[in-house]
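Good morning, and thank you for coming. I would like to take you through one structure, starting from a single residue and ending at the ligand.

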Amino acid sequence: MSTQLEVLKQHLIDPEVCIRCNTCEETCPVDAITHDSANYVVNADICNFCMACISPCPTGSIDNWRNVLKSQPYSVEEQYTWGELPAQGTIAVPATSESDSVSATPPKAGPASMTQPAPGDDTAGEASGIEVDVVRGSTMPPWSAARPYVNLYTHKAPITATCAGNYRLTANETGGIDTDVRHIVLDFGQLPFPVLEGQSIAVLPPGETAAGRAHHARQYSIASARDGERRGYNNLSLTVKRVTPSDKGDTDGGICSNYLCDLKKGDQVQVIGPFGATFLMPNHPNSHLLMICTGTGSAPMRGMTEYRRRRRAPGKGGATGKLMLFFGARTKEELPYFGPLMSLPKDFIDVNFAFSRTPGQPRTYVQDVMKKRSTDIAAMLKDDNTYIYVCGLKGMEEGVIQVLADIANESGQPWESLWKKLKDAGRLHFETY
Ligand code: NAP
């Protein structure tokens, strides 16, 4: 008599590839993904295979599966201790059963397809009855985006970059500003490191944790255009804010950000990536960019703006579509790139600032300024050539969606259907932490 053994294809995250960006945990609609100071892990008791987390993961570390006995999945505690994924072996069978092992084949009728859903496929959760529309933005790039390279360099084989410059962007301490945001230029010399605006890299900070493990890689958006921070050079820039003891929410206490902020010209930096295949700009002429950001979330907007500025230069292709930017910071002294933004031609980019802590002024967020520009935003929403990018604090996401919904509804464009249309066409992108 043979024993009926139930095999589970367990969803796991590869700790060697994961850059701990928190995207999966934020995306999971049933809170199956969690983390400690070491790893991001999936709780097999909760995961329902809705696949909502798969597409947004910038590295692909989320897309790992091991066949295990359903009664003996890898526990969350066990996964926290992993430095790498366990190999897929045969499955040991409990002593009570007749045979010693079963082959590691998945159940024929699994709860859902284990393959990655096609970009933009919102049907992945249907089998489980889960509403996967918690994914607020597009899971595909604009149709005309250039094809990105991803994962060229990994934890096991990083690339060494050289710091070519480190400049403070925010007014200095003597101006009474503690916020230290830096523009950091990394050069890759003769080694290939092709990037697109909107992509990110991760940096491996030197040193170890108290437990003797290497520090995790930390992810940063690229702040320069695809053809280099300095045009024609094999370099890129990052926008990095120094983490002070009073800052909350940085899981490694700013080890990597502060390491970058302290870099000297000529210092070498271990880099992995590039990452990101969806938060990319459209390449077709006359496409419009509606960009909404807070603080260092301005990094990808700078890259996109600079690329468009170069393309617009005489002899470089001429006109581009409309660029409209909403940019929030505490004060103008704490807004990265304030000076350069102010000097861009008004007929090239429509810049709108929101300052929340200007003495004597009411607290203003990007959403408040967007409301004031609702007529122009409504016109952009009506245009199928408009692409929307939101980057910065997680907290802004809700408010920005609400104001977009209000503007759309009030201008006769029912938001629910417009939202779906934008998402399906790769026209609404979020990168918030
Ligand atoms: P910050 O200085 O803390 O905040 C920027 C502005 O956003 C402030 O005026 C702040 O107002 C305002 N704000 C706070 N809550 C808001 C809300 N719910 N809606 C709208 N505005 C709100 O920003 P930061 O420290 O630079 O942080 C930027 C974020 O971008 C971080 O979470 C970072 O991880 C993320 N990010 C960074 C990169 C990068 O490459 N460096 C890339 C992508 C994303 P008050 O504080 O005065 O309330």
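Let me begin with Q10, which touches V42, A44, N64, W65, R66, V68, P73, Y74 and Q79, leaving aside residues up to four places away in sequence. Please keep in mind throughout that this is a predicted model. Where does Q10 sit? Its place is in strand β1, which covers residues 7-12. Q10 counts as buried, because its relative accessibility is 1%, and the cut-off for buried is under 20%. One of its neighbours also takes part in a polar contact: a polar atom of the Q10 side chain lies 2.8 Å from the backbone nitrogen of Y74.

Before moving on, a few words on the chain as a whole. It contains 9 helices and 17 strands. Of its 433 residues, 51% are buried. Considering contacts between residues at least 6 apart in sequence, 73% join residues at least 24 apart. The exposed surface of the chain comes to about 20,100 Å², of which carbon and sulfur atoms supply 52%.

I turn next to T432, which is located in strand β17, residues 428-432. Is T432 buried or exposed? T432 is buried, since its relative accessible area is 6% and buried means under 20%. Its side chain is joined to that of E397 by a polar contact of 2.4 Å. Apart from residues up to four places away in sequence, T432 touches E26, V390, G392, L393, K394 and E397. E397 therefore appears both in the list of residues that T432 touches and as its side-chain polar partner, with 4.5 Å as the cut-off for contact.

P206 offers another setting. P206 lies in the loop between β9, residues 200-204, and β10. Its relative accessible area is 52%, and because exposed means over 50%, P206 is classed as exposed. Beyond residues up to four places away in sequence, P206 touches H215 and Y259. The C-alpha atom of P206 is separated by 9.2 Å from that of I255, and these two residues are 49 apart along the chain.

Some backbone details deserve attention. Which peptide bond is cis? The bond from G273 to P274 is cis, with omega near -5°. P274 belongs to strand β12, which runs over residues 268-275.

Two residues other than glycine have a positive phi: M51, where phi is near 70°, and N286, where phi is also near 70°. M51 is in the loop between β3, residues 40-42, and β4, residues 64-69. N286 is in the loop between β12 and β13, the latter spanning 288-294. As for accessibility, M51 is buried at a relative accessible area of 6%, whereas N286 is partly exposed at 42%.

Finally, the ligand. Which residues come nearest to the ligand? Among the 22 residues around the ligand, the nearest are K241, S356, R357, R363 and Y365. Y365 also places a polar side-chain atom 2.5 Å from an oxygen atom of the ligand. Two backbone approaches can be added. A polar backbone atom of T296 is 3.0 Å from a ligand oxygen atom, and a backbone N or O atom of R330 is 3.3 Å from an oxygen atom of the ligand. On its own the ligand has 930 Å² of accessible area, and the protein covers 83% of that.

What does the shell around the ligand consist of, by class? It has 7 nonpolar, 11 polar and 4 charged residues. Four strands each supply at least two residues of the shell: β10 at 218-221, β11 at 235-241, β14 at 323-329 and β16 at 386-392. In terms of domains, the shell draws at least three residues from domain 2, residues 159-275, and at least three from domain 3, residues 288-432.

To close, I would return to three places in this predicted model. Q10 is buried in accessibility terms and has a side-chain contact to the backbone nitrogen of Y74. T432 is likewise buried and is joined to E397 through their side chains. The ligand, for its part, has 83% of its accessible area covered by the protein. Thank you for your attention.

Technical notes:
Residues numbered from 1 in each chain as written. Predicted model: local features only at pLDDT ≥ 70, side-chain atom pairs only at ≥ 80, totals over all residues. Heavy atoms only, no water. Near = heavy atom within 4 Å. Polar contact = N/O pair within 3.5 Å; in protein donor to acceptor, adjacent residues only side chain to side chain. Areas by Shrake-Rupley, 256 points an atom, 1.4 Å probe, with all protein chains shown as cover. Nonpolar A, V, L, I, M, F, W, Y, C, P; charged D, E, K, R; others polar. Domains from an automatic or database assignment. Buried < 20%, exposed > 50% of the residue type's maximum accessible area, 1.4 Å probe, protein only.
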